[in-house]
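Student: Please take me through one part of this structure in detail, and tell me how the stretches on either side of it are arranged. I would like each term explained when it comes up.

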Amino acid sequence: MGVGAALAEPAGACQTLPMNDAPRATRQRGRLADDLMKVAGGDRSAFAEVYRSTSAKLFGICLRILNNRSEAEEALQEAYVNVWRKAEAFDPARSSPITWLAALARNKAIDRLRARGSRPAEALGVEALALPDPAASAPERIEASEERRQLSRCIDELETNQARAIRTAFFRGATYAELAAEERVPLGTLKSWIRRGLLRLRECLER
């Protein structure tokens with residue numbers, strides 16, 4: 001089976017785990033990490049299993065950011081092409097497999113937002129990603145908390161003006177013009193702050 005054949009419609013909704021089923025979640029995480037390492041070796045069956053077990057969650061991420069099913073499906077397919085090409089970059093000692101996969105999906109969706117000219121604050125798509133799904137299991141909520149902490153840490157690493165501009169744009173949805181007026185800087189300067197800040201933020205989230 002080719003890579004393209006595995007990238008059909010997103011798989012069905014992920015089954016939620018009971019609150020007391022953390023050992024099962026740990027086993028599932030371990031299997032997913034093993035499958036990713038097999039994908040790095042060119043194992044197409046492992047790739048199909050990774051897609052089957054994670055595509056619903058990653059599709060949800062893409063859809064929340066893009067708010068367009070067709071574009072979300074395309075972003076999802078692009079993300080899994082990256083999974084196939086870059087699986088060797090996954091390091092289980094640095095991040096959980098689903099966090100690594102979610103970052104790939106998020107980045108592809110954000111790339112599509114930027115291509116359509118959306119504001120960087122929208123392109124971040126952080127708010128939707130930071131909030132757990134209503135039916136999220138205990139392990140998923142833990143991962144959501146880990147992502148929020150990682151996001152906060154990465155923003156704290158930015159230069160003060162970049163972090164302030166991104167936080168204001170994110171929490172208040174302020175426009176470039178509004179932010180430039182508040183900061184009392186030219187519009188071009190404000191855009192440069194956010195652009196450089198988003199690039200650094202993305203690099204940090206991918207680490």
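**The loop at Asn67 and its two helices**

Tutor: Asn67 is placed in the loop between H3 and H4, where helices (H or I, at least four residues) and strands (E, at least two) are DSSP runs numbered from the N terminus. This is a predicted model, in which local features need pLDDT of at least 70 and side-chain atom pairs count only at pLDDT 80 or more, while totals for chains, interfaces and linings use all residues. Residues are numbered from 1 along each chain as its sequence is written, and side-chain values use heavy atoms, with hydrogens and water left out.

Let us stay with Asn67 for a moment. Its phi is positive, about 55°, although Asn67 is not a glycine. With 68% relative accessibility, Asn67 counts as exposed; the cut-offs are under 20% relative accessible area for buried, over 50% for exposed, and partly exposed in between, using a 1.4 Å probe and protein chains only.

Now consider the helix that comes before this loop. H3 covers residues 44-66, which makes 23 residues, yet its end C-alpha atoms are only 29 Å apart, short of the 33 Å that a straight helix would reach at 1.5 Å a residue. That expected span is 1.5 Å times one less than the number of residues. H3 also bends by about 55° at Thr54, where the bend is the angle between axes fitted to the seven residues ending there and the seven starting there. At the start of H3, Asp43 has a side-chain oxygen that comes within 3.0 Å of the backbone nitrogen of Ser45. Such a polar contact is a pair of N or O atoms within 3.5 Å; within protein, one must be able to donate a hydrogen and the other to accept it, and residues adjacent in sequence count only if both atoms are side-chain atoms.

On the other side of the loop, Asn68 caps the N-terminal end of H4, with a side-chain oxygen 3.1 Å from the backbone nitrogen of Ser70. The 18 residues of H4 (residues 69-86) should span 26 Å at 1.5 Å a residue, and the 25 Å between its end C-alpha atoms agrees with this. Which residues of H4 are buried? They are Ala72, Ala75, Leu76, Ala79, Tyr80, Asn82 and Val83. Seen down the axis of H4, these buried residues fall within an arc of 150°, so they line one face of the helix; the arc is taken from the directions that run from the helix axis to the C-beta atoms.

Both helices also take part in the largest nonpolar core, a term for a set of buried Ala, Val, Leu, Ile, Met, Phe, Trp, Tyr and Cys residues joined through side-chain atoms within 4.5 Å. This core has 31 residues, and those with the most contacts inside it are Leu36, Val50, Leu58, Tyr80, Val83 and Leu101. H2 (22-40), H3, H4 and H5 (97-115) each supply at least two residues of it, and H3 gives the most, with 10 residues. Leaving aside residues up to four places away in sequence, Leu58 touches Leu76, Tyr80, Ile98, Leu101, Ala102 and Ala105, where contact means heavy atoms within 4.5 Å.

For the wider setting, the protein chain has 11 helices and zero strands, and 45% of its 207 residues count as buried.
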